[in-house]
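Thank you all for coming. I would like to walk you through one structure this morning, going slowly from single residues to the way the helices meet.

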Amino acid sequence: MRARYTRGQNIFNIFNLVLLTLIALAMFLPFLNVIAQSFSTSDAIINGRVGLWPKEFTMINYQYVFSDQSIWRAFGVSVYITVLGTFINLAATSSLAYPVSRPEFVGRRYVVLMVLFTMVFTAPLIPNFILIKNVGLMNTLWALMIPGAISAFNFFVMRSFFMQIPPELIDSSRIDGCGELRIIYSIVLPLSKPVMASLGIFYAVGHWNAYMNALYYINKPSLWPLQVKLKKLFESDDISIDPASSVFSSLAHTSPEGIKMAVIIIATLPIIMVYPFLQRHFVQGMMVGSVKA
């Protein structure tokens, strides 16, 4: 039976709908403008005639991007650190969160306090830089994955999820002769798909969008991720690659904005395409992981 709302509740629901619609439009309309510019000619962009729909539709901006090997190399680097980095994050976070979620783990309170301490006090940039340099991670992709292997916030979310696993299930597994590793990989992790999916999205988006650490720790252009490459493009209006066509050479100096917008779309699409497949687990994981702290 459909619930009946009072007049005040109806007004509140309408207000919420209007407010959330305006917020959604404020975030979505600029993205539409980026898409429109990526498919517009240089004259339309320079003259400011591009709104939410492409003017003088063209694919030349994307042809230019596809011809630049450095952009695709940066794209490959971003995919590599996102996939491997997310795997390292989930493995490290679950390996720490599971033991401290079990009541039989001695000293779990002190471990939790140490993790909580890192949420309040973070190391400054210079000590981090010295540490990365001394352990030999400079100019390596490991510098973008190892230092942030465990997020304190994600650790607490995963720990809260593990604490809701019935202890009787763990005890019965031990009685059947399962070791701790067998319990984790055969019982705990299969039950943790929702929280793994939700935290995996958090970690993956963080790796994909991160560029500050790459600027600090990587000096080799061949190891720059896509976000750093995009930043370099925005720092200069002169798009410097070796095109095979004189048309591309002219475009590089007259319409850098269209090329930048095309790179933005390419950098955004992977995350947008992955999220729908994990949305159900993402919502479920956030709901379950927030029930008990």
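Before we look at any side chain, let me give one cut-off that we shall need: a residue is called buried if its relative accessible area is under 20%, exposed if that value is over 50%, and partly exposed in between. Please also keep in mind that what you see is a predicted model. With that cut-off we can take Trp-208, which has a relative accessible area of 3% and is therefore buried.

Let me step back to the whole chain for a moment. The protein chain holds 14 helices and zero strands, and of its 293 residues, 38% count as buried. If we take the contacts in the chain with a separation of 6 or more, 72% of them come from residues that are 24 or more positions apart.

Now back to Trp-208, and to the aromatic rings. In the whole structure a search finds 12 aromatic pairs, and one of them is formed by Phe-75 and Trp-208, whose rings sit edge-to-face, with 5.6 Å from centre to centre and 85° between the planes. Phe-75 belongs to helix α4 and Trp-208 to helix α10, residues 193–209, so this pair ties together parts that are 133 residues apart in sequence. Both residues also belong to one aromatic cluster, together with Phe-39, Phe-57, Tyr-62, Phe-66 and Trp-72.

Let us follow one member of that cluster, Phe-39, which lies in the loop between α1 (7–38) and α2 (42–46). Is Phe-39 buried or exposed? Its relative accessibility is 18%, and because this is under 20%, Phe-39 counts as buried. Leaving aside neighbours within four places in sequence, Phe-39 is in contact with Pro-54, Lys-55, Glu-56, Phe-57, Thr-58, Met-59, Asn-61 and Tyr-62. The C-alpha atoms of Phe-39 and Ile-60, which are 21 residues apart along the chain, are separated by 7.9 Å.

Next, helix α4 itself, which covers residues 69–101 and includes Thr-93. Thr-93 has 0% relative accessibility and so counts as buried, and its side chain makes a polar contact of 2.8 Å with the side chain of Tyr-203. Beyond residues up to four places away in sequence, Thr-93 touches several others, among them Ala-149, Asn-154, Phe-155 and Met-158.

Helix α4 also meets helix α12 (residues 226–235), and their axes come within 7 Å and cross at roughly 145°. On the α4 side we find Ser-70, Ile-71, Ala-74, Phe-75 and Ser-78, and these meet Leu-226, Gln-227 and Lys-229 in α12. By class, this contact has four nonpolar, three polar and one charged residues.

A second pair of helices is α5 (residues 108–120) and α7, which pack at an angle of about 140° with their axes 9 Å apart, and they are therefore oblique to each other. Here Val-112, Val-115, Leu-116, Thr-118 and Met-119 in α5 meet Ala-152, Phe-153, Phe-155, Phe-156 and Arg-159 in α7. The residues of this contact divide into eight nonpolar, one polar and one charged.

Finally, please find Asn-139, in the loop between α6 (125–134) and α7 (152–163). Although Asn-139 is not a glycine, it has a positive phi of about 60°. Its relative accessible area is 22%, so Asn-139 is partly exposed.

Conventions
Residues are numbered from 1 along each chain as its sequence is written. This is a predicted model: local features need pLDDT of at least 70, side-chain atom pairs count only at pLDDT 80 or more; totals for chains, interfaces and linings use all residues. Side-chain values use heavy atoms; hydrogens and water are left out. Helices (H or I, at least four residues) and strands (E, at least two) are DSSP runs, numbered from the N terminus. Buried means under 20% relative accessible area, exposed over 50%, partly exposed in between (1.4 Å probe, protein chains only). A polar contact is a pair of N or O atoms within 3.5 Å; within protein, one must be able to donate a hydrogen and the other to accept it, and residues adjacent in sequence count only if both atoms are side-chain atoms. Contact means heavy atoms within 4.5 Å. Axes are lines fitted to C-alpha atoms, for helices over the stretch in contact, and angles run from 0 to 180 degrees between N-to-C directions. Ala, Val, Leu, Ile, Met, Phe, Trp, Tyr, Cys and Pro count as nonpolar, Asp, Glu, Lys and Arg as charged, and the others, Gly among them, as polar. Angles under 35 degrees count as roughly parallel, over 145 as roughly antiparallel, 65 to 115 as roughly perpendicular and the rest as oblique. Rings of Phe, Tyr and Trp (its six-membered ring) pair if their centres lie within 6.5 Å; planes under 30 degrees apart count as stacked, over 60 as edge-to-face and the rest as tilted.
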